[in-house]
Amino acid sequence: MKWNPLTSETTRVVKLPDDFYPLDLHWFPRSVGGKKQPHSESFVLTSSDGRFHLISRLGRVEKSVEAHCGAVLAGRWNYEGTALVTVGEDGQVKIWSKSGMLRSTLAQQGSPVYSVAWGPDSARVLFTSGKQLVIKPLQPNARVLQWKAHDGLILKTDWNPVNDLILSGGEDCKYKVWDSFGRALYSSQPHGHPITSLAWAPDGQLFAVGAFNTLRLCDRAGVHNVMDDAVDSLEFRDRVIKASLACGYLVVSTSLQCYVFSTKNWNTPLIFDLKEGTVSLILQAERHFLLVDGGGLYLYSYEGRLISSPKYPGMRTDTLNAQTVSLSNDTLAVKDKADEKVIYIFETLSGKPLGDGKPLTHKTEIVEIALDQKGLTSERKIAFIDKNRDLYITSVKRFGKEQKIVKIGTMVQSVAWNDTSNILCGLQDTHLTVWYYPNTVYVDRDLLPRTLHQKDASEFSRNPQIVSFVGNQVTLRRADGALVHLSISPYPGILHGHVRAARWADALRLCRFVKDQTLWACLAAMAVANRDMATAEIAYAAIGEIDKVQYINSIKELPSKESRMAHMLLFSGNTQEAEALLLQTGLTYQAIQLNINLYNWDRALELAVKHKTHVDTVLAYRQKFLEDFGKKETNKRFLQYAEGLEVDWTKIKAKIEMEIARERERAAASAAVRTSVTVQQ
């Protein structure tokens with residue numbers, strides 16, 4: 001029988017002979033990469049007589065294949081529809097072509113194999129072996145993963161391609177959730193009867209568990225009570241597939257249309273038709289929302305206008321979920337499934353790749369991504385967790401040189417950005433950690449630990465997940481399905497607001513009122529990032545960083561704006577940018593002196609020789625440096641240029657004073673020009 005979920009109609013597909021006993025059925029994949037498959041209306045049916053049958057949607061048996069000695073207990077198409085795997089009572093696992101030709105016998109067990117599933121990449125196969133689960137790659141000689149999963153025979157298993165989680169159920173009357181490394185994430189209490197059927201929903205958010213006379217609907221944490229107190233008073237003509245409520249709008253996808261409700265007016269939704277009724281994900285930002293279906297990625301405004309439809313090579317939308325796609329007002333980030341070390345980043349308005357067009361590449365597989373929601377496009381940051389559970393942050397705007405990817409946390413299970421400020425929270429080992437100003441890592445890395453806030457999260461049991469971070473409230477879902485709300489200090493969010501509006505006096509007043517070292521540390525980093533030296537000096541003094549206060553004072557005394565900016569870059573650890581700025585503005589001596597102060601002797605000499613100035617200055621400082629440590633010169637380049645050159649400190653000091661005077665004159669002339677322009681206006 002075939003049931004249509006849109007119309008609830010049931011129709012007979014095929015009448016089987018009386019001596020035919022079907023055991024398993026699996027439909028051919030409907031689409032791959034948005035393209036409908038030519039055989040998508042056919043299915044495979046396995047039977048007790050050792051054969052499997054390829055049957056068309058009209059009920060015609062296209063082919064019957066002798067597959068196993070004994071019953072064929074299960075059969076599954078891979079996600080591309082290019083291969084079929086079958087398992088049987090004879091303990092064999094076999095791979096077949098689309099047309100039913102035997103390709104290989106993957107495994108030979110001593111006992112019946114009751115269930116089988118493909119891995120998300122269609123390169124591995126999961127099957128049962130008594131009380132154990134086995135993951136075997138198709139590639140010869142690759143490592144096989146095997147573990148004891150149940151105390152009784154395992155009867156059913158499934159593997160979801162979106163969340164990469166595994167289900168198993170067996171004669172011990174339990175169902176369990178595993179990750180793809182065989183680590184247990186959830187184990188149910190024993191039920192009254194063996195678990196005989198399991199299936200993930202395509203989006204990986206829910207799964208169904210079947211036993212004698214019982215069907216349970218569970219979320220991915222394993223909790224079977226998924227009802228809440230919400231009352232749905234909105235009526236739709238067609239079946240509701242997905243819904244999302246955020247940013248003042250409710251977006252609802254049915255099988256045929258998309259409805260956009262404003263929370264200010266529930267009576268007149270905006271409605272537009274969908275190309276496909278298979279929406280698997282809805283993400284919302286302040287200005288627009290994203291729909292993901294079998295055909296692709298579609299960005300819409302809340303007025304229902306299609307903004308863009310980003311694409312990337314080998315795109316597979318069926319594997320995307322909220323952990324692998326992230327949306328902000330100006331940026332869309334998508335983690336690639338084909339190469340899990342790659343993140344594609346797009347402009348939302350044009351749908352084109354951002355920056356230089358190259359995707360963001362990490363050294364290890366990435367499991368979760370999140371874009372910050374506030375601030376300028378040029379300062380947009382993305383946080384991501386890799387396979388080792390390390391948390392990294394980097395900028396999405398990348399032209400030419402690679403942007404620094406910086407690690408800011410370890411043992412992180414889940415992350416979320418705040419909806420109103422660029423504050424990041426994450427579940428880190430047994431703590432909830434809040435990074436009040438993650439950008440600190442680019443400004444003054446030593447200050448980062450002082451801008452963190454941690455709360456004990458051990459009471460939330462194993463594997464809690466962050467659901468949302470709205471205002472100053474973090475919502476967590478515990479492993480038992482309960483939602484827990486945690487409040488954090490509202491003051492960092494208020495501080496972010498003051499800094500975004502450049503209200504530095506208000507920011508200082510707030511810190512003096514709260515009297516919290518963490519808040520002062522955040523203000524210090526924010527002031528340095530925004531080049532506000534006066535505020536930075538006060539904030540660093542408040543947290544006792546006297547050496548940095550003295551350095552900031554020395555920066556304020558520099559004669560030109562360019563020198564001050566270069567030394568602020570140097571303060572943040574951006575040596576190359578500081579040098580480049582000085583050279584671009586013609587302050588060659590200052591660039592040379594910067595390298596001397598950092599003991600970059602080779603670079604200082606290279607600049608002096610290249611610009612034919614201050615070679616003697618570099619040699620003099622180098623000579624003094626070696627004399628202080630009682631060393632002799634061994635560097636061949638310095639020995640070469642020191643031949644026949646006498647170091648005269650009087651001349652060198654006079655040249656340095658002349659350079660400083662020239663810089664002062666230049667700064668004064670520049671200020672006079674600016675004043676003149678202002679007066680004329």
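**Exercise 1. A residue between two helices**

Task: State where Ala-502 lies in this predicted model and what is notable about the phi of Ala-502.

Solution.
Step 1. Ala-502 is placed in the loop between H2 and H3, and Ala-502 comes after H2 in the chain.
Step 2. The phi of Ala-502 is positive, near 60°, although the residue is not a glycine.
Step 3. Most residues other than glycine have a negative phi.
Step 4. A second case is Asn-141, a non-glycine residue with a positive phi of about 65°. Asn-141 sits in the loop between strand E15 (132–137) and strand E16 (145–148).
Step 5. Asn-141 has a relative accessible area of 86%, so Asn-141 is exposed.

**Exercise 2. The buried residues of a helix**

Task: Determine which residues of helix H2 (residues 491–500) are buried and which helices the buried residues of H2 pack against.

Solution.
Step 1. A residue is called buried when its relative accessible area is under 20%.
Step 2. In H2, the buried residues are Pro-492, Leu-495, His-496, Gly-497, His-498 and Val-499.
Step 3. An α-helix has 3.6 residues a turn, so residues three or four places apart point the same way.
Step 4. The packing partners of the buried residues of H2 are helix H3 (504–514) and helix H4 (517–529).

**Exercise 3. An aromatic pair**

Task: Classify the arrangement of the rings of Phe-28 and Trp-77 as stacked, tilted or edge-to-face.

Solution.
Step 1. A pair of aromatic rings is described by the distance of the centres and the angle of the planes.
Step 2. The structure holds 23 aromatic pairs. In the pair of Phe-28 and Trp-77, the ring centres are 4.9 Å apart and the planes stand at 70°.
Step 3. An angle over 60 degrees counts as edge-to-face; the pair of Phe-28 and Trp-77 is therefore edge-to-face.
Step 4. Phe-28 belongs to the loop between strand E3 (22–27) and strand E4 (31–32), and Trp-77 to strand E9 (residues 72–77), so the pair ties together parts that are 49 residues apart in sequence.
Step 5. Phe-28 is buried, at 4% relative accessibility, and Trp-77 is also buried, with a relative accessible area of 5%.
Step 6. Other aromatic residues can be located as well: Tyr-249, Phe-272, Phe-289, Tyr-300 and Tyr-302 make up one aromatic cluster. Elsewhere, Arg-622 lies over the face of Phe-638, at 4.7 Å from the ring centre.

**Exercise 4. The surroundings of Gln-257**

Task: Decide whether Gln-257 is buried or exposed, and describe what Gln-257 touches.

Solution.
Step 1. Gln-257 is part of strand E26 (residues 257–262).
Step 2. The relative accessibility of Gln-257 is 13%, so Gln-257 counts as buried.
Step 3. The side chains of Gln-257 and Tyr-259 are joined by a polar contact of 3.1 Å.
Step 4. Leaving aside residues up to four places away in sequence, Gln-257 touches Arg-237, Asp-238, Val-252, Ile-271, Phe-272, Asp-273 and Leu-274. One of these, Phe-272, is a member of the aromatic cluster.
Step 5. For contrast, consider Lys-275, found in the loop between strand E27 (265–273) and strand E28 (281–284). Lys-275 counts as exposed, at 72% relative accessibility.
Step 6. The C-alpha atoms of Lys-275 and Gln-257 are 8.6 Å apart in space, while the two residues are 18 residues apart in sequence.

**Exercise 5. Annotated regions**

Task: Set out the helix and strand content of the regions annotated in UniProt as "repeat: WD" and "domain: IFT80/172/WDR35 TPR".

Solution.
Step 1. According to the unreviewed UniProt entry, "repeat: WD" covers residues 65–97 and 147–179.
Step 2. Residues 65–97 are 0% helix and 61% strand, with end C-alpha atoms 12 Å apart.
Step 3. Residues 147–179 are 0% helix and 58% strand, and their end C-alpha atoms lie 12 Å apart.
Step 4. The unreviewed entry assigns "domain: IFT80/172/WDR35 TPR" to residues 519–665. This span is 76% helix and 0% strand, and its end C-alpha atoms are 40 Å apart.

**Exercise 6. The whole chain**

Task: State how many helices and strands the protein has and what percentage of its residues count as buried.

Solution.
Step 1. The protein has 13 helices and 46 strands.
Step 2. Of its 681 residues, 49% count as buried.
Step 3. The C-alpha trace spans about 110 × 65 × 45 Å along its principal axes.
Step 4. The accessible surface is about 33,600 Å², and carbon and sulfur atoms contribute 52% of this area.

Technical notes:
Residues are numbered from 1 along each chain as its sequence is written. This is a predicted model: local features need pLDDT of at least 70, side-chain atom pairs count only at pLDDT 80 or more; totals for chains, interfaces and linings use all residues. Side-chain values use heavy atoms; hydrogens and water are left out. UniProt positions are given in the numbering used here, feature names are shortened, and annotations may be inferred rather than shown by experiment. Helices (H or I, at least four residues) and strands (E, at least two) are DSSP runs, numbered from the N terminus. Rings of Phe, Tyr and Trp (its six-membered ring) pair if their centres lie within 6.5 Å; planes under 30 degrees apart count as stacked, over 60 as edge-to-face and the rest as tilted. Buried means under 20% relative accessible area, exposed over 50%, partly exposed in between (1.4 Å probe, protein chains only). A charge sits over a ring if NZ of Lys or CZ of Arg is within 6 Å of the ring centre and within 35 degrees of the ring normal. Accessible areas come from the Shrake-Rupley method with a 1.4 Å probe; for residues, only the protein chains shown count as cover. A polar contact is a pair of N or O atoms within 3.5 Å; within protein, one must be able to donate a hydrogen and the other to accept it, and residues adjacent in sequence count only if both atoms are side-chain atoms. Contact means heavy atoms within 4.5 Å.
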